[in-house]
Amino acid sequence: MPSNIELIARLAHIDEKLDDMHAELGDLPKLVKKLEEKLRQQMRLVQETKKALEDLAHYRTTMRARQQELNEKEAKLNELQFSGQIRNNREFDALTHEIEFIRAERLRIEQELAQNTIKEENLKGLLERQQADVEETQRELQEREEELNQRSTEQDNEFRQLQTERKAIIEQLSAEWYAEYERIRTYHPDAAVHVRKGSCSGCFSALPAQVLVEMRNHPERMFVCEHCGRILYPEHYRIEEEEII
Ligand SMILES: [Zn+2]
């Protein structure tokens, strides 16, 4: 049966891999959420531009009807003016004045319609750019979602395997050691580290020679770094990548 210190070394290695897996996936779901939000905003802009274009089209239809109305009114007034029904100058002047008013109104509408055409062209250009943005974000989002799904599936197998190994280790490890390990892990994710050239590999401070001797003489005891509080284990218990799975 492996010693507690050996089990701690294995546990530390497994937890490091699990932490890495979490970190690796960690950014991707966040990125997908961000892209989803970006897409929503971009689609909202597209809707706004479409609405503005609809409003312009509606305005143009209204103004065209108004133009038609003014044309008919002017034709009638012209007819009236020269129909011989006008009795005096005052009436004639009033008619002239009314016709001038209609012409001014029509000119104003023509100018506005010309401006609207420019506005419409600009909005159409804007809409094209906005729709291109939406398509680009949709593509990126789809890629990221596929990546996330693929990675989750790949990781699932490894994750389950590591969890199984972790459970097996904990079953053999003394409860006190495990409790201490988890306690340290709340502030040091790498709660157990190996001794490297007489130093703690967690905080790199040199360990007193006496501690090194005691570690050799008492492999059953738990030693923690006085400086950082991490559990120390001898370098030969350090697990290389290919050994674990
Ligand atoms: Zn240390």
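1. Helix 1 crosses helix 2 in a left-handed manner, where left-handed means that the near helix is turned anticlockwise from the far one by less than a right angle; helices here are DSSP runs of H or I, at least four residues long, numbered from the N terminus. Helix 1 covers residues 4–81 and helix 2 residues 89–172, and the two pack at an angle of about 165° with their axes 4 Å apart, the axes being lines fitted to C-alpha atoms over the stretch in contact and the angles running from 0 to 180 degrees between N-to-C directions. Helix 1 is therefore roughly antiparallel to helix 2, a term for angles over 145 degrees. The residues of this contact comprise 38 nonpolar, 13 polar and 23 charged.

2. This is a predicted model, in which local features need pLDDT of at least 70 and side-chain atom pairs count only at pLDDT 80 or more, while totals for chains, interfaces and linings use all residues. Residues are numbered from 1 along each chain as its sequence is written.

3. The chain has a radius of gyration of 41 Å, whereas a compact globule of 245 residues would have one near 18 Å (taken over C-alpha atoms, with the globule rule being 2.2 Å times the number of residues to the power 0.38). Along the principal axes, the C-alpha atoms fill a box of roughly 130 × 35 × 25 Å.

4. E214 lies in helix 4, residues 209–217, and counts as exposed because it has 12 C-beta neighbours inside 10 Å (exposed means 12 or fewer other C-beta atoms within 10 Å, with C-beta atoms placed from the backbone).

Technical notes: A residue is buried if 20 or more other C-beta atoms lie within 10 Å of its own, exposed if 12 or fewer, and partly exposed in between; C-beta atoms are placed from the backbone. Angles under 35 degrees count as roughly parallel, over 145 as roughly antiparallel, 65 to 115 as roughly perpendicular and the rest as oblique. Ala, Val, Leu, Ile, Met, Phe, Trp, Tyr, Cys and Pro count as nonpolar, Asp, Glu, Lys and Arg as charged, and the others, Gly among them, as polar.
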